[in-house]
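Dear colleague,

Please find below the structure that I am handing over to you. A summary of the findings follows it.

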Amino acid sequence: FMSKFSLYHPGKNEPGAPSLDAAWAYYENVTLARVYDDGVASTNGTGGFERAAVGERTRQTKLYPYWKTSLQDLKAFGISVRLYFSTTLVLAAILFVAGLMNVPLMQYFGGYAENT
């Protein structure tokens, strides 16, 4: 998509220039983690996603879905990634509760300047 713009890919019309679209296709299909999407039952025993091998070409794959990936599915990435996302989830819940606790104070002090 971005390879159409000259600021993003300035040398695209030069002979022998690298293909930015081919580089993005390689990045998406080989570098980024993918899961199997061919309807075959998962063999990992948890009922979650089965991580595809790097550069898998024999079975159909897709990128990990943003909203359907559970913390159990992140086990394939190691303990640090799973710990990061579980900590982020707990911190988001704490900040949400703290924001709800401040709603009465915002209502009270919102009308404070009008009374003085």
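A residue counts as exposed when its relative accessible area is over 50%, as buried when that value is under 20%, and as partly exposed in between. Please note that the model is predicted. Tyr-84, at 53% relative accessibility, is therefore exposed, whereas Phe-85, with a relative accessible area of 40%, is partly exposed.

Aromatic contacts come next. The model holds five aromatic pairs. In one of them, Phe-49 and Tyr-64 meet edge-to-face, 6.3 Å centre to centre and with 75 degrees between the planes. Phe-49 belongs to the loop between strand E1 (34-36) and strand E2 (61-63), and Tyr-64 to the loop between E2 and H2, so this pair ties together parts that are 15 residues apart in sequence. Tyr-64 is buried at 14% relative accessibility, while Phe-49 is partly exposed at 21%. Tyr-84 and Phe-85 also form an edge-to-face pair, with 5.0 Å between centres and 75 degrees between the planes. Phe-49, Tyr-64 and Phe-77 make up one aromatic cluster. In addition, the charged end of Arg-59 sits over the ring of Tyr-36, 3.7 Å from its centre.

As to pockets, the largest has a volume of about 440 Å³. Its lining comprises 15 residues, and Phe-85 is one of those nearest the centre. Helix H2 (residues 79-110) gives the most to this lining, with four residues. By class, the lining has 12 nonpolar, three polar and no charged residues. The second largest pocket has a volume of about 170 Å³, and its lining has six nonpolar, four polar and four charged residues.

With kind regards

How values were computed
Residues are numbered from 1 along each chain as its sequence is written. This is a predicted model: local features need pLDDT of at least 70, side-chain atom pairs count only at pLDDT 80 or more; totals for chains, interfaces and linings use all residues. Side-chain values use heavy atoms; hydrogens and water are left out. On a 1 Å grid over the protein atoms alone, a cavity is a set of points where a 1.4 Å probe fits but cannot get out, and a pocket is an open set with protein on both sides within 12 Å along at least five of seven lines; lining residues have an atom within 4 Å of a point. Grid points are joined across faces, edges and corners, and a volume is the space filled by probe spheres set on the points. Helices (H or I, at least four residues) and strands (E, at least two) are DSSP runs, numbered from the N terminus. Ala, Val, Leu, Ile, Met, Phe, Trp, Tyr, Cys and Pro count as nonpolar, Asp, Glu, Lys and Arg as charged, and the others, Gly among them, as polar. Rings of Phe, Tyr and Trp (its six-membered ring) pair if their centres lie within 6.5 Å; planes under 30 degrees apart count as stacked, over 60 as edge-to-face and the rest as tilted. Buried means under 20% relative accessible area, exposed over 50%, partly exposed in between (1.4 Å probe, protein chains only). A charge sits over a ring if NZ of Lys or CZ of Arg is within 6 Å of the ring centre and within 35 degrees of the ring normal.
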